[in-house]
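Visitor: Could you walk me through this one? I'm new to reading structures, so keep it simple.

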Amino acid sequence: MDLMDKIISLCKRRGFVYPGSEIYGGLANTWDYGPLGVELKNNIKKQWWKNFVQKRAEIYGLDGGILLNPRIWEASGHVQGFIDILVECLKCHKRYRLDHLKGAKKCPECGGSLSEPRRFVPMFKTFIGPVEDTASVAFLRPETAQAIFVNFKNIIDSFHPRLPFGIAQTGKAFRNEITLGNFIFRSLEFEQMEIEYFIREENWESHFEEWKKTMEDWVIDLGVKKENLSWRRHADDELSHYSKRTEDLEFNFPFGVRELYGLAYRTDFDLKNHAKFSGQELSYQDPETKETYIPHVIEPSMGVERTFLAVLLDAYEEESGEKGIRTVLKLNPKIAPFKVAVFPLVANKEELVAKAREIYETLMVEFPVAFDDRGNIGKRYFSQDEIGTPWCVTVDYQTLEDNTVTVRDRDTTKQERVAVDKLLERFLNYLK
Ligand code: ATP
């Protein structure tokens with residue numbers, strides 16, 4: 001089994017990711033996140049928010065709508081410019097995005113001839129109200145960015161920020177993708193974590209370079225290996241309609257080196273167009289010089305699911321030892337679904353179970369904790385290693401005498417004796 005198959009199987013078996021609508025035969029390229037997956041996803045988003053909003057005085061948070069006034073997608077250029085070029089194999093009818101074929105003239109699957117290219121707007125269309133006519137058309141947002149631009153004036157009026165400043169948002173985006181697959185790498189709905197960082201035009205290159213470093217540092221801190229990351233600059237003919245420079249932070253996925261995140265210099269394209277289409281003034285006035293202008297913008301855009309996949313791939317290890325192969329997810333404890341697992345040494349000794357439950361209930365107030373009393377201790381350790389739980393606490397006979405437990409570390413497998421009343425403080429310290 002290759003690494004991707006191992007990760008997909010672990011995700012399904014242990015409750016990270018399930019195929020969407022599974023009991024109905026599925027809905028291709030949709031995924032549901034199980035109890036451990038939702039913890040991991042939430043932890044990624046929480047770390048992102050802490051790092052980019054809570055710890056940065058000049059970045060403001062926002063939670064804009066998924067449905068926006070359809071004129072917004074005209075102003076943003078999505079209706080005219082957010083186009084995928086689709087070709088279809090005339091033999092096996094598989095569809096491809098032209099830019100993914102890299103010049104191939106035949107179907108990579110069956111060698112069949114390809115159709116003429118067709119233009120395709122990958123936004124999901126829906127209707128507001130009971131009448132499905134052109135006046136009621138609405139789109140599910142294909143990026144979170146536009147809600148940020150349309151709230152630019154609100155943030156200026158409420159907070160009077162000075163340049164440079166940013167507006168950050170996390171949330172669902174939807175794209176009617178032509179080519180899909182590779183597990184959660186490319187799905188129809190996904191979550192983005194985006195910032196629009198407003199700057200003076202003349203400073204764009206230095207901000208761009210700074211953001212490259214910031215994005216890279218963030219994802220490395222989360223647990224992605226530096227050697228699996230690289231930057232790729234978009235060629236001029238590849239640039240999106242709004243961008244003057246775009247670079248992708250790519251990750252070495254098992255199916256190839258692919259985009260993990262994007263960083264785009266969107267110039268003043270969006271604010272200028274929204275000002276034109278809405279008839280509203282969307283400029284910024286320098287409080288000292290009183291100079292008034294439309295700021296330019298740098299956009300770091302990061303996908304939650306691609307982060308999820310990259311951290312799992314880089315955390316996955318198999319180690320052979322006396323007790324067989326140990327599969328371990330060496331996740332950064334900050335994002336691990338469970339921080340601690342608590343076990344009674346044996347399940348049929350009432351005092352041990354009661355003590356273990358008491359510790360479990362004390363710790364669970366602060367962070368997610370697992371409880372396991374099945375099988376032997378070795379199996380329980382292996383089971384927690386596989387889902388990345390950093391520490392396991394075992395209540396044994398000595399606990400009943402001196403109120404200490406063993407704490408076993410996931411990465412070193414070393415065990416230590418720790419006083420029960422010091423446990424919480426110790427774990428909270430580790431998690432800092
Ligand atoms: P690609 O070239 O892979 O289609 P993109 O350049 O269209 O990606 P962006 O528009 O830059 O992607 O979106 C920003 C981020 O959102 C991406 O870097 C990625 O992390 C995430 N993303 C985009 N499309 C998807 C998708 N269909 N499924 C999961 N994540 C996605």
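Visitor: Which residues lie nearest the centre of the second largest pocket?
Guide: Since you're new: this is a predicted model, where local features need pLDDT of at least 70 and side-chain atom pairs pLDDT 80 or more, while totals for chains, interfaces and linings use all residues. Residues are numbered from 1 along each chain as its sequence is written, and side-chain values use heavy atoms, without hydrogens or water. A pocket here is an open set of points on a 1 Å grid over the protein atoms alone, where a 1.4 Å probe fits, with protein on both sides within 12 Å along at least five of seven lines; lining residues have an atom within 4 Å of a point. This pocket has 20 lining residues, and nearest its centre are K46, Q47, K50, K334 and L431.

Visitor: Which element gives the largest share of that lining?
Guide: Helices are DSSP runs of H or I with at least four residues, and strands are runs of E with at least two, numbered from the N terminus. Two or more lining residues come from each of α2, α7 and α13 (423–431). The largest share, eight residues, belongs to α2.

Visitor: What is the strand order in the open sheet of seven strands?
Guide: Strands count as paired if DSSP finds at least two bridges between them. The edge strands, β3 (59–62) and β11 (229–233), each pair on one side only. The pairing is mixed, and the order reads β3-β9-β10-β16-β13-β12-β11.

Visitor: Which residue in β16 stands opposite Y265?
Guide: Look at β13 (residues 256–267) and β16 (residues 296–303), which run antiparallel and are joined by six bridges. Opposite Y265, in β16, you'll find I298.

Visitor: Which element gives the most to the largest nonpolar core?
Guide: A nonpolar core is a set of buried (under 20% relative accessible area, 1.4 Å probe, protein chains only) Ala, Val, Leu, Ile, Met, Phe, Trp, Tyr and Cys residues joined through side-chain atoms within 4.5 Å. The largest one has 55 residues, and I298 is among those with the most contacts inside it. Elements supplying at least two residues each include α1 (3–13), α7 and α9 (304–315). With eight residues, the top contributor is α9.

Visitor: And in the open sheet of five strands, which residue is the bridge partner of T406?
Guide: That sheet runs β20-β19-β21-β22-β23. Here β22 (residues 404–409) and β23 pair in the antiparallel sense over five bridges. In β23, the partner of T406 is R417.

Conventions:
Buried < 20%, exposed > 50% of the residue type's maximum accessible area, 1.4 Å probe, protein only.
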